[in-house]
Amino acid sequence: MNRGPGLAALAFAALVASPSRAHHSFAAEFSYDVTGTITGEVVEVLFVNPHARYFISIKDEAGKEKLWDAQTRSPNALLNAGWNKDTIRVGERVTIEGNLGRDNAPKIWIRELRKDSGEVIRPTGEEPPQ
């Protein structure tokens, strides 16, 4: 009995049917050359792999709400830099500086985050310049 074609079909079906959460390059989502700053309220925190994500509600000039996806390093890398799941909390007002999303997507890669309290934190654990 030849099982080769049956096993190959089964492997292909498993590959196609499984949800893919492939990790992608930084350049697929963010611009190396375009940086910016956003200020708004944290409405959701996802301290999960592959990147911690903070959803930030921002009001534009017309007062309309826009949701931004602020991403940073993996939770493990953040833990090593001194962050934890409660470092940034829902309801906090933050200002984020970083690389903006490609094609004007409302995304930002966090390089530095300032809380309303004045605390400045970086995902790398580096101290901000004084």
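Is Asp103 buried or exposed? At 74% relative accessibility, Asp103 counts as exposed, where exposed means over 50% relative accessible area, buried under 20% and partly exposed in between, with a 1.4 Å probe and protein chains only. The model is predicted, so that local features need pLDDT of at least 70 and side-chain atom pairs count only at pLDDT 80 or more, while totals for chains, interfaces and linings use all residues. Residues are numbered from 1 along each chain as its sequence is written, and side-chain values use heavy atoms, with hydrogens and water left out.

The protein contains three helices and six strands; these are DSSP runs numbered from the N terminus, helices being H or I with at least four residues and strands E with at least two. From the N terminus on, the elements follow the order α-α-β-β-β-α-β-β-β. Of the 130 residues, 34% are buried. Among contacts (heavy atoms within 4.5 Å) between residues at least 6 apart in sequence, 54% join residues at least 24 apart.

Strand β1 pairs with two strands named here, β4 and β2; pairing requires that DSSP find at least two bridges between the strands. With β4, the pairing is antiparallel and extends over eight bridges, and Phe30 has Gly101 as its bridge partner in β4. With β2, β1 also runs antiparallel, through five bridges, one partnership being that of Val45 with Tyr54 in β2. A hairpin of six residues connects β1 to β2. In the loop between these two strands lies Pro50, and the peptide bond from Asn49 to Pro50 is cis, with omega near 5 degrees.

Phe30 and Tyr54 each return in the aromatic pairs. Rings of Phe, Tyr and Trp (its six-membered ring) pair if their centres lie within 6.5 Å; planes under 30 degrees apart count as stacked, over 60 as edge-to-face and the rest as tilted. By this rule there are two aromatic pairs. Phe30 and Trp109 form an edge-to-face pair, 5.6 Å centre to centre with 65 degrees between the planes. This pair links distant parts of the chain, since Phe30 belongs to strand β1 (residues 30-46) and Trp109 to strand β5 (residues 107-115), 79 residues apart. Both rings belong to buried residues: Phe30 has a relative accessible area of 2%, and Trp109 one of 11%.

Tyr54 and Trp83 form an edge-to-face pair at 6.3 Å centre to centre, again with 65 degrees between the planes. Tyr54 lies in strand β2 (residues 53-59) and Trp83 in the loop between α3 (75-80) and β4 (93-101), so the pair ties together parts 29 residues apart in sequence. Tyr54 is buried at 0% relative accessible area, and Trp83 is buried at 4%.

Strand β2 also holds Ser57, which is buried with a relative accessible area of 10%. Its side chain makes a polar contact of 2.4 Å with that of Glu65; such a contact is a pair of N or O atoms within 3.5 Å, and within protein one must be able to donate a hydrogen and the other to accept it, while residues adjacent in sequence count only if both atoms are side-chain atoms. Leaving aside residues up to four places away in sequence, Ser57 touches Gly40, Glu41, Val43, Glu65, Lys66 and Leu67.

Finally, Asp103 lies in the loop between β4 and β5, as does Asn104. Most residues other than glycine have a negative phi, and most peptide bonds are trans. Asp103, however, has a positive phi of about 55 degrees, and phi of Asn104 is near 60 degrees. Asn104 is exposed, with a relative accessible area of 74%.
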